[in-house]
Amino acid sequence: MHEQDSQILSSPIEYLKGVGPARADLLKKELGIYTFYDLLQHYPLRHIDKTKITLIGQLNPGLDYVQIVAKIMHWDIVGEKRGRRLIAMVKDETGILELVWFQGISWIQKNLLESTHYLIFGKLSYFNGRPQISHPEMEVFHPATLEAKTRLEPVYPSSEKLKARQLNGRQLAKLTEVLLSQIQTNHIPENMPEEIVQTLQFPSRYEALHWIHFPNQFNDYQRAKTRLKFEELFFAQIRLQRVRLARHASSKGYVFEKVGDLFLNFYNHHLPFQLTGAQKRVVKEIRQDTSRGHQMNRLLQGDVGSGKTMVGVLCMLLAADNGFQSCLMAPTEILAQQHFQGISELLQPMNVPVALLTGSTKKAERKVILEGLANGSIPIVIGTHALIEDPVIFKKLGFAIIDEQHRFGVAQRAALWKKSSLPPHVLVMTATPIPRTLAMTAYGDLDYSIMDELPPGRQPITTIQRNEMARSRVMEFVRTEIEKGRQAYFVYPLIEESSKLDYEDLERGYQEVISYFPSHRYRTVKIHGKLTQEQKDASMREFVSGKANILVGTTVIEVGVNVPNASVMVIESAEKFGLSQLHQLRGRVGRGAEKSFCILLTGSKMGQESRQRMEIMTSTNDGFVIAEKDLEMRGPGDIEGTRQSGALDFKIASITEDKELLELAAKTAEKVLEEDPDLNLAKNLPIKKYLQSQKGKTGWSKIS
Ligand code: ADP
Ligand code: MG
């Protein structure tokens with residue numbers, strides 16, 4: 001029975017009465033509607049309330065769209081040229097109303113019937129105190145059909161092309177109505193277990209698909225919408241969680257069975273500080289994951305400065321204790337070097353060899369490192385993408401850390417896996433946190449940990465926004481900080497790595513900084529994409545060592561760099577940066593004991609959105625809050641660190657608006673799969689059937 005039922009829904013759209021080949025072509029091209037079911041899933045944007053008829057005597061400026069039954073008394077054409085319009089006076093038993101047309105006058109002239117009652121619908125306005133509707137929808141009034149006409153009328157998204165070919169929103173409504181009239185209850189089988197539908201008090205799927213288009217009352221529409229949103233999120237979660245479970249069940253991974261001497265020795269004697277609760281929790285999660293014999297694929301989400309590196313170090317020691325090598329991949333050379341220095345220092349008392357491999361590692365040195373990796377004498381290597389280049393062979397790579405992940409693609413990750421017989425455990429550390437709801441959807445097939453706690457004793461960074469006009473005062477402020485022995489960053493926007501313009505901006509900025517901080521007294525260094533690696537390294541070394549007071553740079557300094565003595569960051573043209581980037585940049589200060597400042601210099605003319613971004617930045621330091629706002633402002637498609645995938649393409653649900661529903665859907669899916677991972681129970685058959693019927697229709701297969 002099911003097979004037949006779903007056949008109606010999968011009928012090609014050209015078989016629908018009123019469609020035909022030409023319109024079908026348009027529907028496919030413009031709206032992606034191929035089948036009956038696709039049309040049913042072309043949901044209305046909203047409904048126009050045509051359930052009521054208003055008396056003219058009751059009209060008032062507080063009303064918006066109104067529907068009226070009235071008789072045409074007379075009409076006239078008035079005005080010249082552009083002002084030419086047709087004005088019709090209509091009346092019911094309570095008053096008189098004016099209708100106005102500026103366009104299509106001759107057509108109206110021909111078709112408007114005097115002394116006839118019309119059903120009139122349109123947006124009410126007032127002109128010289130008189131109520132008026134311009135370009136109303138008009139229909140000759142037939143009392144017998146009134147019931148069918150007064151309803152909540154769906155408004156559909158359409159396109160200019162469709163409108164030009166007689167497929168506007170109203171015509172789409174007609175087609176949908178025709179379709180729904182052909183569909184019976186058994187054509188739309190339930191796709192969720194009865195238990196869920198009942199517990200959540202959802203309408204049936206059949207009802208929901210009717211009411212979303214043609215509800216009898218607004219409440220029905222709301223219920224239908226909730227159900228359809230839930231359904232969409234639920235199936236997304238089922239799919240993602242099954243991918244995760246399947247990986248847990250089938251993937252083979254190295255077993256880290258013991259916590260050994262290296263880990264314990266370091267933990268007990270060489271930790272420079274107490275771990276935060278979050279760090280401890282995450283290390284424990286990873287220890288559990290890596291002891292099970294399945295490959296770990298974990299995303300570590302933590303705010304800037306939450307101490308992700310230390311988690312990585314502990315994991316690498318754990319790997320070494322179990323006889324495995326590990327690598328840490330950073331997105332930039334500078335960052336790799338910093339990690340190398342920091343980690344070498346940490347591990348030095350324990351005599352654990354650590355190597356650094358980047359694009360600029362000298363040939364002779366490279367040879368030694370490659371040998372050490374191949375024969376296993378180097379347990380820990382830190383580097384850039386040079387690590388995944390062909391000649392690098394590991395004896396036994398067991399743990400791979402990808403830091404500040406968004407710059408590494410999936411393909412690069414896959415390349416890492418090829419380096420050992422079993423794939424190593426993978427820990428991806430984010431540069432910027434993304435909201436939980438987004439993580440659940442974009443990374444629902446990974447395991448993820450959240451570090452939502454900063455090490456104690458951090459002073460909040462004070463962030464202020466200043467107009468460019470206030471530049472000299474800002475410079476004086478920076479001077480007082482430098483005189484106290486602190487260091488400062490000046491950051492310029494970088495739109496394209498190689499853009500000449502950006503470079504010129506930066507040069508000008510550099511000259512300007514020099515003019516305030518003359519070189520006989522202050523040392524200012526530059527860093528940008530046009531410099532050679534040696535030049536960049538030299539600048540960076542001077543700044544890190546404290547010899548340079550000021551670092552002027554593009555966003556290449558954005559990620560990860562750690563100079564605790566730097567207490568001021570001035571961001572030029574701050575309105576040109578996105579929220580997460582600003583937050584990343586700001587994270588470069590506030591890393592030491594001193595009070596730190598971030599100054600957002602902006603132009604005087606800012607758009608609404610830029611203004612909003614500046615307000616968010618000055619009001620909070622919490623990366624998770626900022627991520628949430630970023631998602632609200634930009635939508636999920638643009639957030640850095642999310643994958644381009646079908647996972648975020650929803651027809652009706654929205655991960656920004658439907659957070660609670662998403663949590664509920666995720667929990668419900670989890671419960672179902674916990675009890676019945678392969679969906680073999682009779683009650684879960686609807687889920688299984690639906691998944692099968694939807695195969696190949698979404699981008700899910702692309703998710704690795
Ligand atoms: P991120 O999460 O941004 O990568 P880092 O790992 O660079 O952060 O850590 C930021 C700074 O905080 C470093 O200087 C690090 O030594 C320090 N740190 C990390 N964990 C702790 C802790 N538990 N207590 C105190 N300081 C810590
Ligand atoms: Mg980091």
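**Figure 1. Pairing of strand β17 with strand β19 in the predicted model.** Strand β17 and strand β19 (residues 550-553) run parallel and are joined by 4 bridges. Within this pairing, Phe 490 stands opposite Val 552 of β19.

**Figure 2. Pairing of strand β17 with strand β20.** Strand β20 covers residues 566-571 and pairs with β17 in the parallel sense, over 5 bridges. Val 491 of β17 has Ile 571 of β20 opposite to it.

**Figure 3. Burial of strand β17.** The strand spans residues 487-491, and 5 of its 5 residues are buried, so β17 is largely enclosed by the rest of the structure. In a regular strand, side chains alternate between the two faces of the sheet. Here Gln 487, Tyr 489 and Val 491 point one way, while Ala 488 and Phe 490 point the other way. Residues pointing in either direction are buried.

**Figure 4. Centre of the largest pocket.** The largest pocket holds about 1,200 Å³ of space. It is lined by 45 residues, of which Gly 307, Thr 309, Arg 458, Asn 562 and Arg 591 are the closest to its centre.

**Figure 5. Make-up of the lining of the largest pocket.** The lining residues comprise 17 nonpolar, 19 polar and 9 charged. Domain 2 (261-451) and domain 3 (462-620) each contribute at least three residues to the lining. At least two lining residues come from each of the helices α13 (308-321), α14 (333-347) and α21 (579-586). The largest share, 8 residues, is supplied by α14.

Conventions
Residues numbered from 1 in each chain as written. Chains lettered and ligands numbered in written order. Predicted model: local features only at pLDDT ≥ 70, side-chain atom pairs only at ≥ 80, totals over all residues. Heavy atoms only, no water. 1 Å grid on protein atoms, 1.4 Å probe; cavity = no way out; pocket = protein on both sides within 12 Å on 5 of 7 lines; lining within 4 Å. Points joined across faces, edges and corners; volume = space filled by probe spheres on them. Nonpolar A, V, L, I, M, F, W, Y, C, P; charged D, E, K, R; others polar. Domains from an automatic or database assignment. Buried < 20%, exposed > 50% of the residue type's maximum accessible area, 1.4 Å probe, protein only. Pairing = 2+ DSSP bridges.
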